[in-house]
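Visitor: I'm new to this one, and the whole thing is a bit much at once. Please pick one part and walk me through it slowly, then show me what lies around it.

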Amino acid sequence: MQPPSSAEASVTSVNGLRIQARSVGQRIRGAGSVLHDVSLDLAPGRLTVIAGSSGAGKTILLQTLAGLRAPTEGTVLHDGTQPGAPGPEFGFVPQEDIIHRELPLRRTLVYAAGLRMPPGTTPEAVAASVDRVLEALGLSSRAATPVRALSGGERKRASIAAELLTRPRVLFLDEPTSGLDPVTGAALLRTLRALAEDGTTVVLTTHTLADLLRGDQVVFLSPGGEVAYAGEPGALCGAFGVGTVEEVYEAVAEGVRVERADPSAVYATGVPSDLPPVRRVGAVRQWALLTRRGTALLLHNRLSVTVLAGSPVMIVAMFAVLFRAGAFDRAAPDPGSTAMIMFWIAFGAFFFGLTYGLLQICTELPVLRREWLAGLRIGPYVASKLTTMLPVLAVADVLLLVVLRALDRLPAAGWGTYGSLFVSSVLASAAALALGLLASAAVTEPGQATLMLPLLCFPQVLFSGAFVPVPRMTGAGEAISWAMTNRWAFEALGSGVGLESLWGTGASPLGPPLLDSYGDSFGHPASRGWLILAGFTVLFLAVTWAVLVRKCRQGAVRSRAGR
């Protein structure tokens, strides 16, 4: 990759941010003191490399300088003032990818720009910004390539591209060259240097020895989290009296330090920023943009498409094999089969919603955290998951009811009956989707979400009231059944199809005893179950919102209203 010139990096030079740290200390719960008496001055438009052995506190220092962690001791200043809420002028690239992998690169950046750029930005301006960063980072030829098909170095540059869409004044990067081959890593450092020469303040951590000599300033941390050296790269080896960078690591490990300048002299140059506040993208626009992006991601994800298509087919096949036709024939009904058909419709709707929701959040948590720092609200994000998936679930529920009626596994009835069954099924799917989103938000990786599937399904089967009617349960079992959305879906479906009437008037001798064992389970209007299912949906979504807010705020200096 050829490094871009500073003219290519930006049409207009950026006014970089001055970062100052005065006697900063940082204590982490469970780890103790990880930074001690760190004093630094990072000038605008310079590339600063933070190095040190593993565990020296490089990432913690980067987060502290960025204002994402409040120092437990000392002060961090941005342009002479306390760090404000991160915004478009702030770029942060963690070690994880912070863009989705399913969509083509250019389309991914267009969505990222829509969330970051000010309200009222025209599509033409968004496109121009995307084209600018693609050219600056040497990715124009890969614009139509899905992000997952990019090389490791290209994905690193793609994450950086998302941060450069709004021309940030400062860019923080956590080990951007980790895992890259030497040639690709060197090219990436040249790109970052070009950004610094254009005015952006660039700060990065690294384990790569060659990176130490490619910056304007090196900050070398000792194993105890102290500054062992801060100065020009060319003077690094000479300051420790060694000939190679490898020997610098050995010297620092042995406790060698370099005399530092008086920190009090560093802070006279801080200048408060007079930049006007940047308007945030509104909640409604965020929700609409996230819904469009979520739909595109869904259609481009092969696993999601497989689950979408496979789940209804599996449930319908199960019905065709398990149940004979004509169970709802009023002349000779089969009460036991009718109850089981209603239960499996309820469970099918639950299974659709749960499986669709379980992988929606945990797979993109690093992206969410970074976009939250850029101004994304959690409420629109959670709402977009519902509006993306619920129409798909509604279609699946409709197909399930239509096919079951065509196979004579449901009764011949009017629009009122099937309207009731449809509403019950959709609300059951919505509650299960919300439960899946909550589980997805609570876990830390997709593997854990997969393990949650049987754990969440089994109680819904056992305590729904289908196999053991609620009146026949123990007191503890009945109490647990109140928390099962499948119970309320099962009862609403049974009420909607008229199981009490069918069992009470049918010729089968099983009807009256079965009706007696279920008590008044199907004696309430279906709307009762609808209200309970809707309540569960709202509750699960609210808890999902709270979990995501907590996860996004972890390590941040302050919470921000509306997130």
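Guide: Let's begin with a pair of residues: V219 stands opposite A230 in β9. The strand to follow from there is β8, which covers residues 217-221. Before going on, a word on what you're looking at: this is a predicted model, where local features need pLDDT of at least 70 and side-chain atom pairs count only at pLDDT 80 or more, while totals for chains, interfaces and linings use all residues. Numbering starts from 1 along each chain as its sequence is written, and side-chain values rest on heavy atoms, with hydrogens and water left out.

Now, the neighbours of β8. With β9, the strand pairs in the antiparallel sense, over four bridges (strands pair if DSSP finds at least two bridges between them). With β3, β8 pairs in the parallel sense, over five bridges. Here V219 turns up again, as the bridge partner of I50. In general, strands of a sheet pair through backbone hydrogen bonds, and they can do it parallel or antiparallel.

Look at the link from β8 to β9 too. The two make a hairpin with five residues between the strands, and in this hairpin G225 takes a positive phi near 80 degrees.

How enclosed is β8? Five of its five residues are buried, so the strand is largely enclosed by the rest of the structure (buried means under 20% relative accessible area, exposed over 50%, partly exposed in between, with a 1.4 Å probe and protein chains only). Both faces are covered: V218 and F220 are buried on one side, and Q217, V219 and L221 on the other.

Part of the company comes from helix α8, residues 245-253, which lies across β3, β8 and β9 and runs at about 40 degrees to β8. That angle is taken between N-to-C directions, from 0 to 180 degrees, with axes fitted to C-alpha atoms, for helices over the stretch in contact. Helices (H or I, at least four residues) and strands (E, at least two) are DSSP runs, numbered from the N terminus.

Step back a little and you see the open sheet that holds β8: six strands in the order β5-β6-β7-β3-β8-β9, with mixed pairing. At its edges are β5 (90-93) and β9 (227-231), each paired on one side only. Neighbouring strands in this sheet are turned by 10 degrees against each other on average, if you ignore direction.

Elsewhere in that order, β6 (residues 170-174) runs parallel to β7 (residues 201-205), joined by five bridges. One example is D174, whose bridge partner in β7 is T205. Helix α6 (residues 182-197) packs on the sheet here, touching β3 (47-52), β6 and β7, and its direction makes about 150 degrees with that of β7.

Next, follow the end of β8 to a lysine. L221 is in contact with K58 (contact means heavy atoms within 4.5 Å), and leaving aside neighbours within four places in sequence, K58 also touches I50, A51, G52, S53, E175, T205, T206 and H207. T205 is the residue you just met as the partner of D174. What is the relative accessible area of K58? The value is 5%, which means K58 is buried. K58 and S222 are 164 residues apart in sequence, but their C-alpha atoms are 9.8 Å apart in space.

K58 belongs to helix α2, residues 58-66, and α2 leads you to a second sheet. The helix lies across β1, β2 and β4, running at about 55 degrees to β2. Those three strands form an open sheet in the order β2-β1-β4, with antiparallel pairing. The edge strands are β2 (32-42) and β4 (73-78); each has a single partner strand, so one side of each is left without a neighbour in the sheet. Neighbouring strands of this sheet are turned by 25 degrees against each other on average, direction ignored. β1 (residues 19-28) and β4 run antiparallel, with five bridges between them, and I19 has H78 as its bridge partner in β4.

Finally, the wide view. The protein has 20 helices and nine strands, and buried residues make up 53% of its 563 residues. Take the contacts between residues at least 6 apart in sequence: 77% of them join residues at least 24 apart.
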